[in-house]
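Colleague: Could you take me through one strand and its surroundings at an unhurried pace? I'd like to follow along on the screen.

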Amino acid sequence: MPDTSDPVTARWPLASPRTSDWLREPAGDGVTGFMPPPLPDAAWVLGAMYEHDRLPADVTYDAYHRARTAKGGAGRETVGGIDLTGVGTATGGGLGRAEHPGPGWRRLRWAELAARTGDPLVPEGLLPSYRCFPSARRDGSWPLRIAPPTEGSLDRETWNRLTGILAEHSPQGPDTRCLAYYNPLVLRDPDFDDPHVRTGRLGDAGDLYDNPEADFSPSNLWAEDRSWVLCTDYDLWATKVSGPAVLVEALLHDAEIEAVRLPWAP
């Protein structure tokens, strides 16, 4: 019997693994997620990064953690009274689900950091990933004051806004039937033989972010009628959304979402 106390299990029951076959044929095995097939238009929704103006700009995560380890540090990680626990790793940036870091942290838009560093938003020919913004890092490590995007998953704020926009541009709105695929790398109990797909309402997509089976947002989410599909690849800092031009334009001009077109990855 499924655990109906879990909203993911109750509202997003398992679907047949075959429901992902239409993505598998053009995109491969889906081990890191299925890249969407060609649709009328597409954009890349960039994962959120944050900045704290009271943290030092000349100290990196790597240097801080090395100093802390040398002192035998344990427990919560703080600098100047600012809690860094759970913000980034030794090089800055994390893997999987991410929340807003907390008080004092503000959204740092990719466009702002690109203007500051002189780096392109996304280097030509590449996809949004850890290879972006080399000038912002020192010896590969980010400054403590910046929490770079998480890898392989959208942050909660962006996920909620994105699914809200999808509902606004779907004929059935929040009642739109959807399917969500989790690639085996994000599952706590990975299954490389049968795709892990769940089915539910778009209006309940917020529950998917707290799926106890994975510490990531879904690798793919698509409307049952296949009018739009999104992919958050395990190795990337962004989510590709393919669908109608009006949907893509809404993403590109939204005040909260930061999205871009990449001519080399349409």
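In which sense do strand β7 and strand β9 pair, and over how many bridges?

Modeller: Happy to! Please keep in mind that this is a predicted model, where local features need pLDDT of at least 70, side-chain atom pairs count only at pLDDT 80 or more, and totals for chains, interfaces and linings use all residues. Residues are numbered from 1 along each chain as its sequence is written, and side-chain values use heavy atoms, with hydrogens and water left out.

Now to your strands. β7, residues 177-182, and β9, residues 220-223, run antiparallel to each other, and four bridges join them. (Strands are DSSP runs of E with at least two residues, helices are runs of H or I with at least four, both numbered from the N terminus; two strands pair if DSSP finds at least two bridges between them.) To find this pairing on screen, look for Ala180, which sits opposite Leu221 of β9.

β9 also pairs with strand β10, residues 229-231, again in the antiparallel sense, here over three bridges. Asn220 has Cys231 of β10 as its bridge partner. Together β9 and β10 make a hairpin, with five residues between the two strands. One residue to click on in that turn is Arg226, whose phi is positive, at about 65 degrees.

Stepping back, these strands belong to an open sheet of seven, ordered β8-β7-β9-β10-β11-β1-β12, with antiparallel pairing. The edges are taken by β8 (196-201) and β12 (259-260); each has a single partner strand, so one side of each has no neighbour in the sheet.

What about the faces of β9? Both are covered: Asn220 and Trp222 on one side, and Leu221 and Ala223 on the other, are all buried, that is, under 20% relative accessible area with a 1.4 Å probe and protein chains only (over 50% is exposed, in between is partly exposed). One contact of Leu221 leads to a helix: Thr163 touches Leu221, as well as Leu202 and Ala205, leaving aside residues up to four places away in sequence. Contact here means heavy atoms within 4.5 Å. Thr163 belongs to helix α5, residues 156-168, and counts as buried because its relative accessibility is 8%.

Elsewhere on the sheet, helix α7, residues 245-252, lies across β1 (41-46), β11 (238-243) and β12. Helix α7 runs at about 25 degrees to β1, an angle between N-to-C directions on a scale from 0 to 180 degrees, using axes fitted to C-alpha atoms, for helices over the stretch in contact.
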